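Q: Please take a close look at one aromatic side chain and its surroundings, with the cut-offs stated.

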Amino acid sequence: MEFRFACAATFATVLMGFGPALAADSASAAALAAVADAARPHWDIPRDPARHPAELVTFSQIKRGDVVVDLVPGGVYYTRILAKLVGKAGKVYAVVPTREAGDTRKQGTHDAIAIPQELEAVSDFSNVTAMWTDLKQYGAQFPFPEQLDAVFTADGYHGLYDKTGIGGDGDMPAISRAIFRALKPGGVFVVVDYAAAKGAGASVARALGRIDVDVIKADLTQAGFVVDGESQLLANASDDRNKAIDPKTADKADQFVIRFKKPANASPATKRPQTDPLKNYYGNTYVYNVGAGGDVS
């Protein structure tokens with residue numbers, strides 16, 4: 001345990017002076033502690049130098065006690081860090097988008113669903129709840145029983161624009177508005193993703209695994225968000241943004257990091273519906289015709 005902490009602290013020290021791109025980025029004590037937590041698995045640690053997680057979650061402004069969504073959590077690398085950052089007083093929903101409400105396994109791979117679900121059963125991450133949902137299932141709503149302080153997504157958001165992938169035939173402007181409604185006024189949406197060439201639009205999402213940052217900005221600002229900050233933390237000017245992402249070198253690809261904010265004076269009408277969309281769910285199963293006494297008819 002002491003060795004793990006020492007390694008993480010050493011990585012953080014090195015990263016703080018890793019180059020000009022990090023000059024404006026620093027890591028809070030809470031972020032450093034979350035990254036250094038001994039509950040993180042050994043296979044995540046070697047990725048830290050390239051991913052700069054302490055600086056990244058500091059930039060996110062997520063804090064202890066927050067209710068956060070990790071959208072498209074993948075291998076839950078960031079889910080674990082966010083869980084430690086918000087602490088037991090906070091919550092992290094690891095949300096896996098699916099293509100069809102009737103079959104949660106049609107998302108693409110079993111692991112995409114199983115990994116977040118397995119994490120919530122680990123005592124060190126008891127503040128994590130795994131969820132999977134068809135983004136069209138709730139009429140452009142996200143099924144959370146409470147307003148969120150933050151939504152975080154890293155390297156998977158472009159997939160929602162892939163009409164043949166997890167995005168299906170989803171309406172991205174509607175999804176942007178749903179994220180906006182799910183957040184509290186003043187809440188943040190942090191988007192980290194692989195950068196495509198300017199002007200590439202969203203059409204390269206499937207072929208390259210990238211997206212034009214201007215597409216993200218246009219959809220989210222139209223939904224009501226304002227750009228609250230941008231970081232060059234994961235930028236790589238030497239990366240060819242016209243080439244497909246190679247999973248083996250993905251952490252070295254050019255990535256944009258943007259913090260969007262829901263204005264603090266946003267209208268109450270932009271909040272999620274007051275009716276709990278999960279009220280008839282047991283685990284991941286919807287129960288029909290629940291009587292007043294809880295009996296199923």
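A: The charged end of R51 lies over the ring of Y77, 4.5 Å from the ring centre. R40 is also placed over the face of Y77, at 5.3 Å from the centre. A charge counts as over a ring if NZ of Lys or CZ of Arg is within 6 Å of the ring centre and within 35 degrees of the ring normal. The model is predicted: local features need pLDDT of at least 70, side-chain atom pairs count only at pLDDT 80 or more, and totals for chains, interfaces and linings use all residues. Residues are numbered from 1 along each chain as its sequence is written, and side-chain values use heavy atoms, with hydrogens and water left out.

A search of the whole structure gives eight aromatic pairs (rings of Phe, Tyr and Trp, the last by its six-membered ring, with centres within 6.5 Å; planes under 30 degrees apart are stacked, over 60 edge-to-face, the rest tilted). The ring centres of Y77 and Y78 are 4.8 Å apart with planes at 85°, so this pair is edge-to-face. Both Y77 and Y78 are buried, meaning under 20% relative accessible area, with exposed over 50% and partly exposed in between (1.4 Å probe, protein chains only).

Elsewhere, Y93 and F144 make a tilted pair, 5.2 Å centre to centre with 45° between the planes. Y93 and F144 are 51 residues apart in the chain, and both are buried. Ring pairs also join Y157, Y161, F180, F189, F225 and F260 into a cluster.

Methods
Helix = DSSP H or I, 4+ residues; strand = E, 2+ residues; numbered from the N terminus.
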